[in-house]
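These are my notebook entries on a structure that I went through strand by strand. The sequence and the model come first, and my entries follow.

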Amino acid sequence: MDPMMQNQNNAMPTAKSGGRKFRNDIIFISVLLAVVVLMGVAFFLLRGEGDTVTVEVNGVRLGSYPLSEDRTVEIRTGIEDEELNLLVIKDGKAFVETATCPDGICAAHRPISREGESIVCLPHKVVITISSAKGNAPDIVA
Ligand SMILES: [Zn+2]
């Protein structure tokens, strides 16, 4: 009984500075909450992020490349492979740097990195798609 009473008595003088401690706790909890929210946002963003770039020409799969590795892929089309779409994978994003197609829509397309995004070159029948091997997205059966 006595030690407990003593502890309670000892707690009394620090009660005044308890207000500051309480404020620190609020700051700490706020920071913690902010971190948790940021982590949640990051997790959500990462979930939507694709990891594979797939190139199809005329419906035929040419190849798949990891989005995490920087590389340049020459997509040759045309009767004598005279047409070119230069696919660049850089910093986790894929884009067409140059293309010989007349409309240039694919080259003008902004870099893609999110699952399900694609760059299409209609004149060359080239489709560049971002997919995710994580398989979070439900399969849509047409
Ligand atoms: Zn194009």
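**Entry 1: the hairpins**

I began with the hairpin that β3 and β4 form, in a model that is predicted. I found five residues between the two strands. In this turn, G78 has a positive phi of about 95 degrees.

I then looked up how β3, residues 71–77, is paired with β4. The two strands run in the antiparallel sense, and I noted seven bridges between them. As a reference point I took R71, which stands opposite I89 in β4.

Next I followed the chain into a hairpin formed by β4 and β5, which has two residues between its strands. Strand β5 covers residues 93–99 and is joined to β4 by six bridges. I recorded that β4 and β5 run antiparallel. Here my reference point was L87, which stands opposite V96 in β5.

Is strand β4 largely enclosed or not, and why? I checked its residues, 83–90, and six of the eight are buried, so I describe the strand as largely enclosed by the rest of the structure.

**Entry 2: two positive phi values**

I wanted the background before reading the turns. Most residues other than glycine have a negative phi.

Which residue in the loop between β3 and β4 should I note? I chose D81, which lies in that loop. D81 has a positive phi of about 50 degrees although it is not a glycine. I entered D81 as partly exposed, because its relative accessible area is 43% and that class runs between 20% and 50%.

In the loop between β4 and β5 I looked up D91. Its phi is near 55 degrees, again a positive value in a residue other than glycine. Is D91 buried or exposed? With a relative accessible area of 60%, D91 is exposed.

**Entry 3: the nonpolar core**

I turned to the largest nonpolar core, which has 19 residues. Which of them have the most contacts inside the core? I listed V53, I75, L87, A94 and I128. At least two residues of this core come from each of β1 (52–57), β3, β4, β5, β6 (118–121) and β7 (126–131).

I then picked out A94 and set aside its neighbours within four places in sequence. Among its contacts I noted V53, L67, L87, V88 and I89. The contacts of A94 also include P111, I112, I119 and I130.

**Entry 4: the open sheet**

I traced an open sheet of four strands in the order β2-β1-β7-β6, with antiparallel pairing. Which strands are at the edges? They are β2 (60–66) and β6, and each pairs on one side only. From one strand to the next, the twist averages 15 degrees.

Inside this sheet I looked at β1 and β7, which run antiparallel and are joined by six bridges. V57 stands opposite V126 in β7.

I also looked just past this strand, at S132 in the segment after β7. Because its relative accessibility is 14%, S132 counts as buried. Apart from residues up to four places away in sequence, S132 touches E49, G50, D51 and E115.

**Entry 5: the zinc ion**

Which residues coordinate the zinc ion? I found C101, C106 and C121, each through its SG atom, at 2.2 Å. Along the chain these donors follow the spacing C-x4-C-x14-C. I checked C101 and C106 for exposure, and both are buried.

**Entry 6: R110**

Where is R110 placed? I located R110 in the loop between α3 (105–108) and β6. R110 counts as exposed because its relative accessibility is 52%, and the class begins over 50%.

I compared its position with that of A94, 16 residues apart from R110 along the chain. The C-alpha atoms of R110 and A94 are separated by 8.8 Å.

Leaving out residues up to four places away in sequence, I found that R110 touches E117 and I119. What kind of contact joins the side chains of R110 and E117? I recorded a polar contact of 2.8 Å.

Technical notes. Residues are numbered from 1 along each chain as its sequence is written. This is a predicted model: local features need pLDDT of at least 70, side-chain atom pairs count only at pLDDT 80 or more; totals for chains, interfaces and linings use all residues. Side-chain values use heavy atoms; hydrogens and water are left out. Buried means under 20% relative accessible area, exposed over 50%, partly exposed in between (1.4 Å probe, protein chains only). Two strands pair if DSSP finds at least two bridges between them. A nonpolar core is a set of buried Ala, Val, Leu, Ile, Met, Phe, Trp, Tyr and Cys residues joined through side-chain atoms within 4.5 Å. Contact means heavy atoms within 4.5 Å. Donors are N, O and S atoms within 2.8 Å of the metal (3.2 Å for Na, K and Ca); water is not among the atoms, so sites may look incomplete. Axes are lines fitted to C-alpha atoms, for helices over the stretch in contact, and angles run from 0 to 180 degrees between N-to-C directions. A polar contact is a pair of N or O atoms within 3.5 Å; within protein, one must be able to donate a hydrogen and the other to accept it, and residues adjacent in sequence count only if both atoms are side-chain atoms.
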